[in-house]
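Subject: Structure for you to look at

Hello,

Here is the structure I promised to pass on. Please open it next to this email and follow along.

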Amino acid sequence: MDNLILERLLSIETLLLDKKKVLNPDELANYTGYSKSTIYKMVQGNIIPFSKPNGKHLFFDKEEIDEWLLSNKSKSKLQLQNEASKYANSRK
C-alpha cells in the first residue's frame with residue numbers, strides 16, 4: 001500500500017513539474033538527471049542558460065533548457081543516407 005502511494009505521489013510530482021515554466025536548481029536536477037553540483041558547475045562556466053534576477057537565486061526557463069538539451073544533435077546513419085540520396089538525385 002505504501003509503495004502504491006509513493007508511486008502515485010511521484011507520478012503527480014512529475015505531472016506538476018511538466019506544467020512548470022521556470023525551474024529552480026532542485027527541480028532542474030530532477031528534470032534533467034544531472035546532479036545539483038553539475039548544474040552549478042555548468043552555471044559557473046556559462047554552459048547552461050540561466051537567470052539570476054536578484055543576484056542570488058538561480059532560475060531556469062524550461063523551454064530554453066529543452067532547446068539546450070536537444071542542441072548539437074547527431075543524425076542517424078539512415079538520415080544521412082536519405083540526405084545523400086536526395087542530394088545525389090537533385091544533382092542529376
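Below is what I found, starting with one helix and moving on to salt bridges and backbone angles. Bear in mind that this is a predicted model.

**Helix α3**

Start with α3, which covers residues 36–44. Which of its residues are buried? They are I39, M42 and V43. Looking down the axis of α3, you will find these buried residues within an arc of 100°, so they line one face of the helix. The face turned away from that buried side carries K41 and Q44, both exposed.

What covers the buried residues of α3? The cover includes helix α2 (25–32), strand β2 (60–61) and helix α4 (62–69).

S37 also sits in α3. S37 is partly exposed, at 43% relative accessible area. Its C-alpha atom is 9.5 Å from that of P25, although twelve residues separate the two along the chain.

**How α2 meets α3**

Two packed helices are described by the angle between their axes and the distance between the axes. For α2 and α3, the axes come within 9 Å and cross at roughly 110°. That makes α2 roughly perpendicular to α3, because angles of 65 to 115 degrees count as such.

Which residues make the contact? From α2 come P25, D26, L28, A29 and T32. From α3 come K36, I39 and Y40. This set divides into five nonpolar, one polar and two charged residues. Note I39: this residue is buried in α3 and also takes part in the contact with α2.

**Salt bridges**

How many salt bridges does the structure hold? There are four. Among them are these three:

- K20 with E27: the side chains meet at 2.6 Å, N to O. K20 is partly exposed, with a relative accessible area of 34%.
- K21 with D61: the side chains meet at 3.1 Å, N to O. K21 lies in the loop between α1 (2–19) and β1 (22–23), and D61 lies in strand β2, so the pair ties together parts that are 40 residues apart in sequence. K21 is partly exposed at 46%. D61 is partly exposed too, at 22% relative accessibility. The cut-off for buried is under 20%.
- K75 with E83: the closest N and O atoms are 2.4 Å apart. K75 is partly exposed at 45%, and E83 is partly exposed at 38%.

Strand β2 therefore turns up twice: β2 helps cover the buried residues of α3, and its D61 pairs with K21.

**Two positive phi angles**

Most residues other than glycine have a negative phi. Where does N46 lie? N46 is in the loop between α3 and β2. N46 follows α3 and has a positive phi, near 50°, although N46 is not a glycine. N46 is exposed, with a relative accessible area of 60%.

N72 has a positive phi of about 60°, and N72 is not a glycine either. N72 is found in the loop between α4 and α5 (77–90). Is N72 buried or exposed? N72 counts as exposed, because its relative accessibility is 78% and the cut-off for exposed is over 50%.

**Where to look**

If you have little time, go to I39, M42 and V43 on the buried face of α3. Then look at the K21 and D61 pair, and finish at N46 and N72.

Best wishes

How values were computed. Residues are numbered from 1 along each chain as its sequence is written. This is a predicted model: local features need pLDDT of at least 70, side-chain atom pairs count only at pLDDT 80 or more; totals for chains, interfaces and linings use all residues. Side-chain values use heavy atoms; hydrogens and water are left out. Buried means under 20% relative accessible area, exposed over 50%, partly exposed in between (1.4 Å probe, protein chains only). Helices (H or I, at least four residues) and strands (E, at least two) are DSSP runs, numbered from the N terminus. The arc is that of the directions from the helix axis to the C-beta atoms. Contact means heavy atoms within 4.5 Å. Axes are lines fitted to C-alpha atoms, for helices over the stretch in contact, and angles run from 0 to 180 degrees between N-to-C directions. Angles under 35 degrees count as roughly parallel, over 145 as roughly antiparallel, 65 to 115 as roughly perpendicular and the rest as oblique. Ala, Val, Leu, Ile, Met, Phe, Trp, Tyr, Cys and Pro count as nonpolar, Asp, Glu, Lys and Arg as charged, and the others, Gly among them, as polar.
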